[in-house]
Amino acid sequence: MAKWLLLDGYNLAFRAFYGMPELTRADGFPTGALHGWVKSIWRLQDQEKPDFTLCFFDLGGAQDRLALHPEYKANRKETPAALEQQVPVIKEITRAMGLVGIELEGVESDDLLASQARALANAGNEVWIVSADKDFAQCVNDRIKIILPPPTANPKLGWRTMDAAGVVEKFGVPPEKIAEYLAIVGDVSDNIPGIDGCGPKTATRWLQEHGSLEGLIAAAATLKPERFREQVAARAEDLRRNLKLTTLRTNSPMPWVAPGQPDTAKLFPLLEAMEMKSTLAEAQRRYTGQQELF
């Protein structure tokens with residue numbers, strides 16, 4: 001069977017944007033994220049040698065989650081204008097590199113990616129999810145693993161891998177309990193409020209002792225520490241709602257585009273138009289074995 005890389009597009013695009021200097025074209029059009037994006041993909045391809053690579057992007061969605069929690073992701077800052085300008089070009093470059101870009105209006109890219117990962121793994125393939133988003137830890141199993149990008153605050157850590165044992169080491173619970181764990185502690189990045197004052201260690205201990213979120217709710221009257229008893233009992237429905245928010249939809253529709261080949265007739269002029277000279281030279285070397293001198 002094949003090895004697949006599934007890329008969390010916006011997660012990697014943000015990291016490319018913040019991990020590169022503020023490069024611009026002569027007319028001022030920003031290009032830093034473009035450089036970082038291409039270099040990241042090449043590094044992953046060189047390191048992992050996948051048979052296929054899919055990139056997942058958001059078109060705007062989460063309607064089902066917004067119906068449950070209107071404040072879902074409401075705390076997120078606007079995408080920096082310089083990155084917003086580069087996203088359409090990132091998608092163009094991705095297609096010209098022969099990689100599939102998958103997006104669907106009304107469905108979160110995380111759900112699309114999780115669905116694709118599950119389907120590919122069930123078919124016997126080896127799947128590597130490339131993202132720093134902790135939600136994907138719930139997808140990990142014997143055929144699905146995660147590649148974590150270098151942290152922007154500490155890039156020297158490099159790209160790291162996380163299997164099921166790594167999920168337990170990082171979060172204290174196995175992959176199948178990650179959604180429940182996040183429902184309890186909350187998720188600041190998605191504006192999901194957890195139990196006030198409950199940290200990771202307490203949430204982990206509760207799941208170990210009570211087995212599940214429902215087990216925790218049932219044990220509210222005898223919960224330890226005692227200060228949480230009233231809050232857990234009063235917020236039982238909030239916790240159940242949280243679980244619906246933190247659980248990735250692995251049965252989401254999966255628009256399919258057949259993997260292609262690099263289209264140098266589109267890629268080279270695009271890189272040239274963006275004045276990405278060093279990246280163009282590397283692309284020419286990789287895809288044709290030639291390198292133009294400047």
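## Exercises on the sheet, the cores and the empty spaces

Strand β4 is joined to strand β5 (residues 144–148) by four bridges, and these two strands run parallel; strands (E, at least two residues) and helices (H or I, at least four residues) are DSSP runs numbered from the N terminus, and two strands count as paired if DSSP finds at least two bridges between them. The model is predicted, so that local features need pLDDT of at least 70 and side-chain atom pairs count only at pLDDT 80 or more, whereas totals for chains, interfaces and linings use all residues. Residues are numbered from 1 along each chain as its sequence is written, and side-chain values use heavy atoms, with hydrogens and water left out.

**Exercise 1.** Establish the order of the strands in the open sheet, and explain why one side of each edge strand has no neighbour.

*Solution.* Start in the middle of the sheet, with β1 (residues 3–8), which is joined to β4 by five bridges in a parallel arrangement. On this boundary Trp4 stands opposite Val127, while Leu5 has Trp128 as its bridge partner. Next, pass to the pairing of β1 with β2, which is also parallel and runs over five bridges, with Leu7 partnered by Cys55 of β2. Then follow β4 to β5, where Val130 stands opposite Ile147. The full order is β3-β2-β1-β4-β5-β6, an open sheet of six strands with mixed pairing. Because β3 (100–102) and β6 (160–162) each have a single partner strand, they stand at the edges and one side of each lacks a neighbour in the sheet. Neighbouring strands are turned against each other by 25° on average, with direction ignored.

**Exercise 2.** Which strands does each of the helices α1 and α2 touch or lie across, and at what angle to β1 does each run?

*Solution.* Angles here run from 0 to 180 degrees between N-to-C directions of axes fitted to C-alpha atoms, for helices over the stretch in contact, and contact means heavy atoms within 4.5 Å. Take α1 (residues 9–19) to begin with: this helix packs on the sheet by touching β1, β2 and β4, and its direction makes about 65° with that of β1. Then take α2 (residues 32–48), which lies across β1, β2, β4 and β5 and runs at about 155° to β1.

**Exercise 3.** Decide whether residues of β1, β4 and β2 are buried or exposed.

*Solution.* Fix the cut-offs: buried means under 20% relative accessible area, exposed over 50% and partly exposed in between, with a 1.4 Å probe and protein chains only. In β1, six of the six residues are buried; Lys3, Leu5 and Leu7 point one way, and Trp4, Leu6 and Asp8 point the other way. In β4 (residues 126–130), four of the five residues are buried. In β2 (residues 52–56), look at Thr53, which is buried because its relative accessible area is 8%. Not counting residues up to four places away in sequence, Thr53 touches Leu5, Leu7, Gln45, Leu99 and Val100.

**Exercise 4.** Which members of the largest nonpolar core touch the most other members, and which helix gives this core its largest share?

*Solution.* A nonpolar core is a set of buried Ala, Val, Leu, Ile, Met, Phe, Trp, Tyr and Cys residues joined through side-chain atoms within 4.5 Å. Among the 47 residues of the largest core, Leu6, Ile129, Ile184, Trp206 and Val232 touch the most other members. Its largest share, six residues, comes from helix α5 (residues 109–122). Apart from this core lies another, of 35 residues, including Leu5, Leu44, Met97 and Ile147. As a last step, inspect Ile184, whose contacts beyond four places in sequence include Ile195, Trp206, Leu213 and Leu239.

**Exercise 5.** What are the volumes of the largest pocket and the largest cavity, and which residues lie nearest the centre of each?

*Solution.* On a 1 Å grid over the protein atoms alone, a cavity is a set of points where a 1.4 Å probe fits but cannot get out, a pocket is an open set with protein on both sides within 12 Å along at least five of seven lines, and lining residues have an atom within 4 Å of a point. The largest pocket holds about 1400 Å³ of space. Of its 42 lining residues, Tyr10, Phe14, Lys73, Arg76 and Ser189 lie nearest the centre, and α1 supplies the largest share of the lining, five residues. The largest cavity has a volume of about 60 Å³. Its lining has 13 residues, of which Tyr72, Glu108, Asp110, Asp135 and Asp190 lie nearest the centre, and α5 and α11 (236–246) each supply at least two residues of that lining.

Key. Points joined across faces, edges and corners; volume = space filled by probe spheres on them.
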